[in-house]
Amino acid sequence: MIEVKKVSILLSVYNPNKEFLIKQLKSLDSQTYKNTEILVFDDCPRKRSNKELFFKYVKKFDIRILEYNNKNVGYSSAFKILLEQVNHDGYVAFCDQDDIWLDTKVEEMVNSLEKNNKEFAYCDRKIIDEKDNIIKEHEVNDLIQDFKEDYNKLLVGSPFRTLVPGMSIICSVKFAKSCFDGFDRYAFDKWLSCCALVENNYVHVNKELVMYRRHSNNVSGIFNEINSKKEYFEKRVSNHYELIGDLSKKYPNGNFKIQKEFALDRVNKKILKMFKYRWISKRNTLIEILIILMPNFLFKYLLKKYRKE
């Protein structure tokens with residue numbers, strides 16, 4: 001008999017919208033892959049989720065809610081805590097609280113991993129709004145679109161732009177735990193995808209297997225939690241240089257020369273050199289050049305307008 005490896009779906013929640021969470025739970029319970037469990041971590045100490053919802057809407061699979069933590073640990077560290085609970089040699093899937101998965105998502109991605117003998121898979125997605133209306137039928141990360149699956153360019157661009165969001169990823173437990181340390185320092189999905197690219201250990205499942213919900217409370221956007229030019233360069237620029245440094249330590253035989261040069265030019269605000277490497281991230285490079293040139297009061301004013309919109 002062929003072994004069917006176990007899949008642990010790691011679900012991190014933070015004061016979720018009840019309606020959105022129920023729809024996500026129903027989609028998880030509808031998965032066609034049989035050997036599945038669901039692990040839940042509630043990262044909102046001030047307002048806990050209703051535990052009954054999880055057991056009411058998940059009937060097919062074992063579901064376990066982790067013990068409460070007395071403080072908020074953040075998105076990536078929450079998934080690290082969940083990953084620590086996984087003790088098998090199968091796969092892990094990362095799950096947000098407000099999306100909807102197609103029934104065959106886990107099965108198709110696991111099949112692709114095993115068929116291609118890879119440890120990291122990512123799929124495409126549809127975009128839906130708060131009423132479940134489809135805004136976009138096919139969404140691929142701009143990194144993939146810009147470089148058209150060109151491995152070398154994807155490798156260069158991955159530290160600066162996430163290859164895929166976490167809910168599009170399924171990977172082996174072994175691979176995820178080999179990248180464990182980065183979860184505390186970077187967005188876990190960016191770190192995992194960077195490592196997968198360096199190892200050339202990934203497969204793209206070219207199907208929309210997730211419906212990603214876009215709404216006002218999404219934790220995303222380059223200006224999220226940014227209030228000044230100084231904060232922007234500390235949170236959105238310096239960390240890229242640090243990430244490349246950590247990749248260099250993890251993969252000492254890797255070639256990160258171009259990434260290091262571009263990251264350092266951004267840290268030092270070298271506009272002409274940044275422009276030279278603009279092909280790596282055209283949109284962000286042009287935005288950052290404008291930010292460098294504009295006074296801080298104007299940047300703050302534009303931030304306010306951006307958030308109102």
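Start by selecting strand β6, residues 120-128, in this predicted model. The strand is mostly covered, with 9 of its 9 residues buried.

Keep β6 on screen and add its partners one at a time. Strand β9, residues 202-213, runs parallel to β6 and is joined to it by 9 bridges. Pick Cys-123 in this pairing: its bridge partner in β9 is Val-205. Next add strand β8, residues 169-172, which runs antiparallel to β6 and is linked to it by 3 bridges. Here Tyr-122 stands opposite Ile-169. Then show strand β7, residues 134-139, also antiparallel to β6 and joined to it by 3 bridges. In this pairing Ile-127 stands opposite Lys-136.

Follow the chain from β6 into β7. The two strands form a hairpin with 5 residues between them. Select Asp-132 in the turn, where phi is positive, at about 70°.

Now turn on the side chains of the hairpin. Lys-126 and Glu-137 meet in a salt bridge, 2.7 Å from N to O. Lys-126 belongs to β6 and Glu-137 to β7, 11 residues apart. Which of these two is buried, and which is partly exposed? Lys-126 has a relative accessible area of 17%, so it is buried. Glu-137 counts as partly exposed because its relative accessibility is 48%.

Select Lys-136 and Glu-139 as well: their side chains form another salt bridge, 2.8 Å from N to O. Lys-136 is partly exposed, with a relative accessible area of 38%, whereas Glu-139 is buried at 13%.

Leave the hairpin and select Arg-185 and Asp-246. They form a salt bridge whose closest N and O atoms are 3.0 Å apart. This pair links distant parts of the chain: Arg-185 is in the loop between α7 (173-178) and α8, Asp-246 is in helix α10 (residues 238-250), and 61 residues separate them. Arg-185 is partly exposed, at 46% relative accessible area; Asp-246 counts as buried, at 15%. To see a network, select Glu-19, Lys-23, Asp-132 and Arg-213, which are joined by salt bridges that share partners. Asp-132 is the hairpin turn residue with the positive phi. The whole structure holds 14 salt bridges.

Next, look at the interior. The largest nonpolar core has 49 residues, and those with the most contacts inside it are Leu-10, Val-92, Phe-94, Phe-120 and Leu-163. Helix α8, residues 188-198, gives the most to this core, with 7 residues. A second, separate core has 36 residues, including Leu-21, Ile-22, Ile-38 and Met-167.

Center the view on Val-92. Leaving aside neighbours within four places in sequence, its contacts include Leu-10, Leu-83, Ile-169 and Ala-176.

Move to Ser-49, in the loop between β2 (36-42) and α2 (51-57). Is Ser-49 buried or exposed? Its relative accessibility is 13%, so Ser-49 counts as buried. Not counting residues up to four places away in sequence, Ser-49 touches Val-13, Pro-16, Asp-42, Phe-54 and Tyr-68.

Finish at helix α14, residues 296-308, by selecting Tyr-301. Tyr-301 counts as partly exposed, at 48% relative accessibility. With Phe-297, Leu-298 and Leu-302, Tyr-301 makes a nonpolar surface patch of about 420 Å². Lys-304 lies in α14 too and is exposed, with a relative accessible area of 59%. As a last step, set a distance between the C-alpha atoms of Lys-304 and Leu-21: they are 30 Å apart in space and 283 residues apart in sequence.

Definitions and conventions: Residues are numbered from 1 along each chain as its sequence is written. This is a predicted model: local features need pLDDT of at least 70, side-chain atom pairs count only at pLDDT 80 or more; totals for chains, interfaces and linings use all residues. Side-chain values use heavy atoms; hydrogens and water are left out. Buried means under 20% relative accessible area, exposed over 50%, partly exposed in between (1.4 Å probe, protein chains only). Helices (H or I, at least four residues) and strands (E, at least two) are DSSP runs, numbered from the N terminus. Two strands pair if DSSP finds at least two bridges between them. Contact means heavy atoms within 4.5 Å. Patches are made of residues with over 30% relative accessible area and no salt bridge: like charges are joined within 9 Å, nonpolar side chains (Val, Leu, Ile, Met, Phe, Trp, Tyr) within 5 Å. Accessible areas come from the Shrake-Rupley method with a 1.4 Å probe; for residues, only the protein chains shown count as cover. A salt bridge is a side-chain nitrogen of Lys or Arg within 4 Å of a carboxyl oxygen of Asp or Glu. A nonpolar core is a set of buried Ala, Val, Leu, Ile, Met, Phe, Trp, Tyr and Cys residues joined through side-chain atoms within 4.5 Å.
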